[in-house]
Amino acid sequence: MAKLLRFRSPLFSQPSKPFFLSSLSSSSSSSSDVNKSISSSDSVGNKALYFLNCCKNKIHLFQIQAQLITSGVFQDPSFSGRLLKLSSSLIDDSWYTLLIFKCIDFPDAFCVNTVIKGYTCSNYHQIAVSFYVETLRRGNFYPNGFTFPPLISACAKLGCLSLGQMCHGHALKFGVVDHVLPVQNSLLHFYGCCRLVDVAGKVLDEMPVKDLVSWNTVIGGLAKAGEMEAAHKMFDEMPRKNVVSWNVMITGYLNFRSPGNALQLFRRMMARNYESNDTTKVQVIAACAKSNRLKEGKSIHGFIIKACTDLSLIIDTNMIDMYSKCGRADIARKIFDKMPVKNLVSWNAMVLGYCIHGNPVDGLSLYSEMADKINPDELTFIGVLCACARLGLLTDGKNYFSEMIDLFHLKPNFAHYWCMANLMANIGRMEEAVSILRNIPADEDFSPEYSFWAGLLGSCRFQGDATLGEQIAKELIEQDPSNFSHYNLLVNVYALAGKRAEVSRTKEMMKERGIKRVPCCSLKDLTEIVCDNAKRIEEIGAEC
């Protein structure tokens with residue numbers, strides 16, 4: 001805190017100093033006008049509040065903080081609480097906000113809530129819950145209706161049921177569940193994220209007042225859990241709908257491979273004169289792409305052009321993807337060429353459109369142009385290697401694979417190895433294809449995203465021997481039935497073929513045989529670490 005005194009300026013004692021006051025004014029009024037408004041009150045507190053309300057950047061914040069300390073009003077929660085709120089919004093450093101909090105002798109609930117919200121918004125979700133529990137243990141803190149929404153949101157993002165249930169229990173204990181709509185809605189969101197839609201339904205039934213957020217949250221939870229029939233029934237029963245309601249349902253159908261239902265719902269939405277937004281447009285374009293509905297895709301394209309004067313980057317990119325998947329890479333290229341701004345996603349959409357769905361020669365040519373303007377990523381090289389496999393370009397394929405690793409420092413994943421094996425098989429070098437598949441690193445697992453990969457690599461499969469990968473994986477399992485990597489290969493092969501049932505069956509077989517991944521710092525391992533720590537937090541919270 002002593003370092004902050006460097007920023008001290010005579011704000012409160014000499015408000016007529018123009019160097020700081022004029023910068024605080026958001027209008028074109030002169031500094032004398034500002035000084036006149038300040039001089040109307042001789043109170044240091046009023047001047048402090050004025051400057052807190054005018055604060056626009058972190059330099060002003062540091063100056064105001066130094067003045068609050070030296071003027072003796074810093075320990076008043078009405079000032080320190082406002083300072084905390086400004087700190088969390090102006091300074092991208094949650095630890096600095098915590099430093100301010102620790103210097104407050106008797107922080108009130110507003111101060112505590114500000115820190116919790118700051119941690120949650122900065123993605124320090126577990127620290128937000130830990131901070132809440134520790135503050136509660138120290139006493140002198142009584143949670144209120146503003147405490148639990150960010151707290152329960154942190155539990156939802158952690159995906160930790162036990163922590164969320166602990167917070168739910170605390171909210172009931174402190175009497176802030178009933179008649180506090182934001183708390184109830186946060187509980188609906190939490191249980192929806194945990195796939196406990198029956199519990200979310202009970203919370204909804206017990207709510208005396210429901211708003212659009214309440215209905216949309218439960219419908220979204222049902223859609224995420226794959227219970228589209230129940231979601232649609234609740235959607236029809238909603239007393240009022242907005243664009244979010246329609247988007248939740250359209251996205252739900254799209255995610256669960258029902259693009260026809262998504263488009264049907266969109267037509268119903270338009271018939272009832274609801275305004276769509278960019279999310280709606282992106283989802284219906286994706287539905288046309290997934291179902292290869294070129295005619296309807298063109299119709300939606302025309303609708304968007306009439307409705308929008310300027311198309312957004314994301315809509316243009318999705319149009320490129322849709323036309324490519326519908327076999328019209330030529331139209332996709334016209335859209336691509338007219339785009340005033342292109343990002344990596346745009347380039348990838350057009351490169352993959354050519355390499356996988358269109359003319360692979362054009363795809364490789366466009367990649368060369370892309371590499372001169374923007375660094376490619378892993379997805380780019382999947383398209384490039386697919387193009388080489390389709391054309392039988394062995395030397396080029398090896399060179400691109402090396403370029404990906406050596407020049408762009410990208411780590412190959414299963415899809416890259418699959419394309420290289422495909423390339424080998426397509427030119428008759430089966431032994432090398434088998435060798436590549438046998439030696440794929442065990443940590444390259446894309447089975448959780450099987451639908452994406454199956455759609456992306458559907459045209460890049462072994463010619464004349466579609467079950468080669470499956471045969472190799474099964475032979476390897478027979479030779480070494482305790483090796484995780486062999487099972488992992490089989491899971492990925494099934495994922496690539498879009499065989500959901502076989503993916504589940506193989507994983508169940510792995511559980512029965514006790515086949516586990518060698519411990520490493522994967523996302524799953526990190527999740528387990530978080531949940532282990534959550535148990536400890538829950539134990540402490542139970543004592544409160």
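## Contacts of Tyr132

Two residues are in contact when heavy atoms of one lie within 4.5 Å of heavy atoms of the other. In this predicted model, and leaving aside residues up to four places away in sequence, Tyr132 touches Ile116, Phe141, Pro143, Thr147, Phe148, Leu151, His170 and Phe174.

Tyr132 also stands out within the largest nonpolar core, which holds 157 residues: Tyr132 and Phe148 touch the most other members. The greatest contribution to this core comes from helix H25 (residues 414-426), which supplies 10 residues. In soluble globular proteins, nonpolar side chains tend to be buried together.

## Overall architecture

The secondary structure consists of 31 helices and zero strands. The protein has 544 residues, of which 50% are buried. Among contacts with a separation of 6 or more, 64% are between residues 24 or more positions apart.

The exposed surface of the protein amounts to about 26600 Å², and carbon and sulfur atoms supply 53% of that area.

## Helix H6 and its cover

Which residues of helix H6 are buried? Within this helix, which spans residues 94-102, they are Ser94, Tyr96, Thr97, Leu98, Ile100 and Phe101. The cover over these buried residues includes helix H4 (58-71), helix H5 (77-90), helix H7 (109-121) and helix H8 (125-138).

Tyr96 has a relative accessibility of 15% and therefore counts as buried, the cut-off being under 20%. Its aromatic partner is Phe62, and the pair is edge-to-face, with 5.6 Å centre to centre and 65 degrees between the planes. Phe62 belongs to helix H4 and Tyr96 to helix H6, so that the pair links distant parts of the chain, 34 residues apart. Phe62 is likewise classed as buried, at 14% relative accessibility.

## A second edge-to-face pair

The search of the whole structure finds 18 aromatic pairs, including that of Phe62 and Tyr96. Another of them, Phe336 with Trp347, is edge-to-face as well, at 5.0 Å centre to centre and 75 degrees between the planes. Because Phe336 lies in helix H20 (residues 329-338) and Trp347 in helix H21 (residues 344-357), this pair ties together parts that are 11 residues apart in sequence.

Both partners are buried: Phe336 has a relative accessible area of 2%, and Trp347 has one of 5%.

## Aromatic cluster and surface patch

Trp95, Phe101, Tyr119, Tyr124 and Phe131 form one aromatic cluster. One member, Phe101, is among the buried residues of helix H6. Tyr124 is situated in the loop between H7 and H8.

Is Tyr124 buried or partly exposed? Its relative accessible area is 33%, so Tyr124 is partly exposed. Two of the cluster residues, Trp95 and Tyr124, also join Ile127 in a nonpolar surface patch of about 270 Å².

## Asn113 in helix H7

Helix H7 contains Asn113. With a relative accessibility of 9%, Asn113 counts as buried. Apart from residues up to four places away in sequence, Asn113 touches Phe141, Asn144, Phe146 and Thr147. Phe141 and Thr147 also appear among the residues touched by Tyr132.

Key. Residues numbered from 1 in each chain as written. Predicted model: local features only at pLDDT ≥ 70, side-chain atom pairs only at ≥ 80, totals over all residues. Heavy atoms only, no water. Buried < 20%, exposed > 50% of the residue type's maximum accessible area, 1.4 Å probe, protein only. Helix = DSSP H or I, 4+ residues; strand = E, 2+ residues; numbered from the N terminus. Patch = residues over 30% accessible without salt bridge, like charges linked within 9 Å, V, L, I, M, F, W, Y side chains within 5 Å. Areas by Shrake-Rupley, 256 points an atom, 1.4 Å probe, with all protein chains shown as cover. Salt bridge = Lys/Arg side-chain N within 4 Å of Asp/Glu carboxyl O. Core = buried A, V, L, I, M, F, W, Y, C linked by side-chain atoms within 4.5 Å. Phe/Tyr/Trp six-rings, centres within 6.5 Å; stacked < 30°, edge-to-face > 60°.
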